[in-house]
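Student: I have a protein model on screen. Can we go through the terms used for it and check each against its definition?

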Amino acid sequence: MRIHVLPSGPIETNAYLLTDARRGEAVLIDAPHDVWASVEPILEAEGCRLIALLITHGHWDHIGDAARVQAAGVPVYAHAADRPLIETPETMAMFLLPGYEVAPTRIDHFVEQGQALELLGKTFEVRHVPGHCPGNVLFYLAPEATAFVGDALFAGSVGRTDLPGGDFNELARSIRTQIYTLPPDTKVLPGHGPATDVYTEMRSNPFVPA
Ligand SMILES: [Zn+2]
């Protein structure tokens, strides 16, 4: 399996495209504006069909291309707590950058705490990590020792909690109970900026010490 990091959209939101050329399948994690233009050539080059779009959370910068991906016939997975953001994005229109729009996307499969998604012949464990927003989830791939955490935790930082539905104490609790409990060598792939790992953040994250 390969993990392509595809920063896209006006605030460099990381999408992650997981491809398995042997199976001829791929999974996309988050769909910022303009990511589809990067995804399609990779799918073609590696002979892969996109079988799922996993959304870490419903903020506009993570779902700008979600409707386009769905229109290509790809089922969309997300947590019910972010359903309003994803299905009626006009509710967050005031937070959009000028010139950007978000089309509504229908959630095909709701994910929840503790769920095991079987995709690409692997198990993606779902952990609910609210605080940055109500429906933020992470997707943990144990065999790859990798967690895709959305905007819950960044290298040396954490997600902002001043947007509607944000709550710092809840975020700190999510990080401590759902991320710092992963094996310390787990790679943390966040929604913005560089990768980090659980051990490094437990030891040195200035916002949420272990
Ligand atoms: Zn966000």
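Tutor: What follows is a set of questions on a predicted model.

Student: What makes the protein as compact as a globular protein of its length?

Tutor: Start with the make-up: 6 helices and 14 strands. The radius of gyration is 16 Å, and the globule rule gives 17 Å for 210 residues. The two values are close, so the protein counts as compact for a globular protein of that length. The C-alpha trace spans about 45 × 40 × 25 Å along its principal axes.

Student: How many of the residues are buried, as a percentage?

Tutor: A buried residue has 20 or more other C-beta atoms within 10 Å of its own. Of the 210 residues, 47% are buried.

Student: Why is strand 2 called largely enclosed?

Tutor: Strand 2 covers residues 13-20, and 6 of its 8 residues are buried, so the rest of the structure largely encloses it.

Student: What makes strand 1 and strand 2 a pair?

Tutor: Pairing needs at least two bridges. Strand 1 (residues 2-8) and strand 2 have 7, in the antiparallel sense. One bridge sets Ile3 against Leu18 in strand 2. The two strands form a hairpin with 4 residues between them, and Gly9 in the turn has a positive phi of about 85 degrees.

Student: Which residue takes a positive phi in the hairpin of strand 2 and strand 3?

Tutor: Gly24, with phi near 70 degrees. That hairpin also has 4 residues between its strands. Strand 3 (residues 25-29) pairs with strand 2 over 5 bridges, again antiparallel. Leu17 has Leu28 of strand 3 as its bridge partner.

Student: Which residues have the most contacts inside the largest nonpolar core?

Tutor: Leu28, Leu53, Leu138, Val149 and Ile179, in a core of 54 residues. Strand 9 (residues 137-141) gives the most to this core, with 5 residues.

Student: Which residues is Leu53 in contact with, beyond its neighbours within four places in sequence?

Tutor: A contact needs C-beta atoms within 7 Å. By that test Leu53 touches Leu28, Ala31, Ala66, Val69, Val74, Val76 and Tyr77.

Student: Why do strand 7 and strand 14 stand at the edges?

Tutor: Take the sheet order: 6 strands run 7-8-9-10-13-14 in an open sheet with mixed pairing. Strand 7 (116-119) and strand 14 (196-197) each have a single partner strand, so one side of each lacks a neighbour in the sheet.

Student: How do you know that strand 8 and strand 9 pair?

Tutor: At least two bridges are needed, and 5 join strand 8 (residues 122-128) to strand 9. The two run antiparallel. Glu125 stands opposite Tyr140 in strand 9.

How values were computed:
Residues are numbered from 1 along each chain as its sequence is written. This is a predicted model: local features need pLDDT of at least 70, side-chain atom pairs count only at pLDDT 80 or more; totals for chains, interfaces and linings use all residues. A nonpolar core is a set of buried Ala, Val, Leu, Ile, Met, Phe, Trp, Tyr and Cys residues joined through C-beta atoms within 7 Å. A residue is buried if 20 or more other C-beta atoms lie within 10 Å of its own, exposed if 12 or fewer, and partly exposed in between; C-beta atoms are placed from the backbone. Two residues are in contact if their C-beta atoms, placed from the backbone, lie within 7 Å. The radius of gyration is taken over C-alpha atoms; the globule rule is 2.2 Å times the number of residues to the power 0.38.
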